[in-house]
Amino acid sequence: MASVRLDKFISERTEYTRSQIKELAAKGKITIDGAPVKRCDVKIDPDTVNAEVCGRAVGNSRFRYILLNKPQGYVCSTDDKDGETVMKLIPEDMRTKGMFPAGRLDKDSMGALLLTDDGELAHRMLSPRRHIPKVYIVKLARPFENNYVNKFSEGLTLADGETCLPARVKKAENSDNLAFIELHEGKYHQVKRMFASVGNHVEALMRVSLGALVLPEKLAIGECMELLHKDVENLFKEADFELFCRRFSAVFSANFLINLH
Ligand code: URA
């Protein structure tokens, strides 16, 4: 693989900024093969370098993990036969040959979408056995009803007879027509079909978390960012739905409404 600057390599994989990395290097806190490096502009091979910051190893993944805040109007595919794909939204310097969207959002859905060239991770993430929780915010045509909470938690039966795993739902704090839903599976048009089965209709939908990875507020619709290793680990961590709603209800409700046409 092409060589990259040491400070770029470290900043992409840790919480440290480039200026903090420079300071740490000056203090001898950054090492390669155990020897302190004073200059951060040295070129290293990301596949093989053995770098540590403050005694902590910095991972050298061969793969790239991109989080996109998907806008409406793009299909989650690498093939544009059904319309413009999300691949168009990834800047060329972030795209790799084998990159693909790990998971699906409908063409008219928005929100958190992982793109990666790591097939093994994508497989682990999408595996039905793993049940990685995903949270969506939805705009409903009719007000949220409190009886949804029990109905969804018992496991809904969809119009075609298909049954769903128990799911949690909660009305957003400041609107009767906005709600959060947490799913542990990914059936075709699942959120829309679940609300249809209780007599409501999803007018718009945005995915706001994957596992414990929450869509960052600063990531505007249509923008993407490279994930750090700790973010990728968060994909596989359990999240607390109640806490999530308490913490993010106001911010996601506001952002969601701004982005609806
Ligand atoms: N459920 C849906 O109905 N649509 C999506 O895009 C994702 C989940």
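Student: I'd like to learn to read pockets here. What volume does the second largest pocket have?

Tutor: The second largest pocket has a volume of about 460 Å³. Keep in mind that this is a predicted model. As for the general idea, rolling a probe the size of a water molecule over the atoms shows where empty space is left.

Student: Which residues lie nearest the centre of the second largest pocket?

Tutor: Look for Lys8, Glu12, Arg13, Arg64 and Glu226, which lie nearest its centre among the 22 lining residues. By class, that lining has eleven nonpolar, three polar and eight charged residues.

Student: Which elements and domains supply the lining of the second largest pocket?

Tutor: Helix 1 (6–13) and helix 6 (229–234) each give at least two residues to this lining. The largest share, four residues, comes from helix 1. On the domain level, domain 1 (4–57) and domain 2 (65–259) each contribute at least three residues to the lining of the second largest pocket.

Student: Now the largest pocket, please. What is its volume, and how many residues line it?

Tutor: The largest pocket has a volume of about 650 Å³, and 32 residues line it. Those nearest its centre are Arg104, Leu105, Asp106, Gly186 and Lys187. Two or more lining residues come from each of helix 3 (119–126), strand 10 (134–140), helix 5 (190–197) and strand 13 (202–210).

Student: Which element gives the largest share of the lining of the largest pocket?

Tutor: Helix 5 does, with three residues. If you sort the lining of the largest pocket by class, you find twelve nonpolar, nine polar and eleven charged residues.

Student: Let's turn to cysteines. How many disulfides does the structure hold?

Tutor: Zero. To read this feature, look at how far apart the cysteine sulfurs are: a disulfide needs a pair within 2.5 Å. Cys164 is in no disulfide, and the nearest cysteine sulfur, that of Cys245, is 19 Å away.

Student: Why is the sulfur of Cys224 not bonded to the one in Cys76?

Tutor: Because the two sulfurs are 13 Å apart, which is too far for a bond, even though Cys76 holds the closest cysteine sulfur to that of Cys224.

Student: Do the accessibility values help me too? Are Cys164 and Cys224 buried or exposed?

Tutor: Here you compare relative accessibility with a cut-off: buried means under 20%. Cys164 has 7% relative accessibility, so Cys164 counts as buried. Cys224 has 15%, so Cys224 counts as buried as well.

Notes:
Residues are numbered from 1 along each chain as its sequence is written. This is a predicted model: local features need pLDDT of at least 70, side-chain atom pairs count only at pLDDT 80 or more; totals for chains, interfaces and linings use all residues. Side-chain values use heavy atoms; hydrogens and water are left out. On a 1 Å grid over the protein atoms alone, a cavity is a set of points where a 1.4 Å probe fits but cannot get out, and a pocket is an open set with protein on both sides within 12 Å along at least five of seven lines; lining residues have an atom within 4 Å of a point. Grid points are joined across faces, edges and corners, and a volume is the space filled by probe spheres set on the points. Ala, Val, Leu, Ile, Met, Phe, Trp, Tyr, Cys and Pro count as nonpolar, Asp, Glu, Lys and Arg as charged, and the others, Gly among them, as polar. Domain bounds come from an automatic or database domain assignment. Buried means under 20% relative accessible area, exposed over 50%, partly exposed in between (1.4 Å probe, protein chains only).
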